[in-house]
Amino acid sequence: MPELPEVETIKRDLEKIVLGKKIIEVCVHNPAIIRQMSADKFKKGLTGSTIKNVLRKAKTLILELSNGKSLVIHLKMTGQLVYPGDGKKSRVSFKLSDGKMLDFNDQRLFAELRLLDDWKKFKFIKELGPEPYDLSMEQFKEMLSVKKTKIKPLLMDQKFISGIGNLYAAEILFRSKIDPARSAQSLTEKEKELLFNSIKQVLDEAIRYGGSSVDDYVRLSGERGTYAQYHKVYGREGERCFFCKTPVKRISLGGRGTYFCPECQH
Ligand SMILES: [Zn+2]
C-alpha cells in the first residue's frame, strides 16, 4: 500500500502536470470507489473546475478546486493515478483542458474518492497524528515515553504519527537497529534519537527514488518507483542481511508481516 513517499511522489508529479488545468469531463466507469455521494453529484461538482492546488496529508492526496471543493483521494491497496490515461482500466477518468485524460485505476476497488466542501473538516484527516516532518526530536521523544505499545505497530498507528506503513516501519527499525517488538517506553534516549533520524532518512531516500513499487503502485507516468532495490529487510525473508549475513526473518506482529534482522536489531 502506498505510504508517505509514494503519495508524495504522486503529489509532486501531479503538481508538474495537472496544476492549473481544468476538468472538462468526468467519466465514472465504476461508482463503487466514490464515497459519500452519488456519481452524478460527483461529476457535477468536478466538471468545469480548475485544479488550484495539490496537497498531501499523510497517505491522502487532496486536489483543491477553483469552486472551493476538494477531491480527496485515498489510494489504499491498488489505486493508481495515471497520466496520460487511455481509459481502458480506469474506474474514473478525468478529461482535462489539455485534451488528455487523468485515469484513476483500482483493480480491487478498495480506494476511496471523495468530493468535499471542506477537507479540513473530514474526520479521517482531522484524526491524523503529526507527520514526521512536523515534529521536533524533543516532541517525538516525549510522545514515545508515554507509550507501552510495541514500537512497530506504534509507528504504523496513523493517530500517533502519520504517513508510515508496514514497509517503511520495517526499513526504519532496521536502520535504527531496534527490534520491532520492543515497547516504545523501553527505548533509550540514544535509540529514540536514532529512530527519529532514521525515519526522516528512510522517507527522504524513498522519495528521491520515487517510492517503492512492490504492489500496484506506479508513478503518474505509469513508471515504477525504484526504491525497492534498496530495501534492507522488507520482502527479503531468508535472504542474508547485507551487514551481518544472518538470514532476514519474518514474523507476525500486530497482525502484520514484519521483516527484521535478528542479529542487527535488538
Ligand atoms: Zn544483520
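This is a dialogue about how terms are applied to a predicted model.

Trainee: What are the ground rules for the values?

Mentor: The model is predicted, so local features need pLDDT of at least 70 and side-chain atom pairs count only at pLDDT 80 or more, while totals for chains, interfaces and linings use all residues. Residues are numbered from 1 along each chain as its sequence is written, and side-chain values use heavy atoms, with hydrogens and water left out.

Trainee: What makes C241, C244, C261 and C264 donors of the zinc ion?

Mentor: Donors are N, O and S atoms within 2.8 Å of the metal (3.2 Å for Na, K and Ca); water is not among the atoms, so sites may look incomplete. The SG atoms of C241, C244, C261 and C264 lie 2.2 to 2.4 Å from the zinc ion, so they count as donors. Their spacing in sequence is C-x2-C-x16-C-x2-C. C244 and C261 link distant parts of the chain, 17 residues apart: C244 is in the loop between α7 (189-208) and β9 (249-253), and C261 is in the segment after β10 (256-260). Helices (H or I, at least four residues) and strands (E, at least two) are DSSP runs, numbered from the N terminus.

Trainee: Why is the site of the zinc ion called tetrahedral?

Mentor: Four donors count as tetrahedral if all angles lie between 85 and 135 degrees; four count as square planar and six as octahedral if opposite donors are over 155 degrees apart and all others between 65 and 115; anything else is irregular. The angles among the four donor atoms are 99 to 114 degrees, so the site is tetrahedral.

Trainee: Is C244 buried, exposed or partly exposed, and which of these words fits C261?

Mentor: Buried means under 20% relative accessible area, exposed over 50%, and partly exposed in between (1.4 Å probe, protein chains only). C244 has 27% relative accessibility, so C244 is partly exposed. C261 has 0%, so C261 is buried.

Trainee: How do you know that R12 and E8 form a salt bridge?

Mentor: A salt bridge is a side-chain nitrogen of Lys or Arg within 4 Å of a carboxyl oxygen of Asp or Glu. For R12 and E8 the N to O distance is 2.7 Å, so the pair qualifies. Both residues lie in helix α1 (residues 4-17), four residues apart, about one turn of the helix. R12 is partly exposed because its relative accessibility is 40%, whereas E8, at 8%, is buried.

Trainee: What makes K11 and E15 a salt bridge?

Mentor: Their side chains meet at 3.5 Å, N to O, so the definition is met. K11 and E15 also lie in helix α1, four residues apart. K11 counts as buried because its relative accessibility is 16%, and E15 counts as partly exposed because its value is 31%.

Trainee: Where do R56 and E131 lie in the chain?

Mentor: The closest N and O atoms of R56 and E131 are 3.0 Å apart, in a salt bridge. The pair links distant parts of the chain, 75 residues apart: R56 is in strand β2 (residues 51-57) and E131 in the loop between α3 (123-126) and α4 (137-145). R56 has a relative accessible area of 12%, so R56 is buried; E131, at 10%, is buried. Elsewhere, E138, K141, E189, K192 and E193 are joined into one network by salt bridges that share partners. The whole structure has 18 salt bridges.

Trainee: Why are α4 and α7 called oblique?

Mentor: Axes are lines fitted to C-alpha atoms, for helices over the stretch in contact, and angles run from 0 to 180 degrees between N-to-C directions. Angles under 35 degrees count as roughly parallel, over 145 as roughly antiparallel, 65 to 115 as roughly perpendicular and the rest as oblique. α4 and α7 pack at about 120 degrees, with axes 10 Å apart, and are therefore oblique.

Trainee: What angle lies between α1 and α7?

Mentor: The angle is about 40 degrees, with the axes of α1 and α7 9 Å apart. α1 and α7 are therefore oblique to each other.

Trainee: What is notable about phi of A58?

Mentor: Most residues other than glycine have a negative phi. A58 is not a glycine, yet has a positive phi of about 50 degrees. A58 lies in the loop between β2 and β3 (60-65), and counts as buried because its relative accessibility is 2%.
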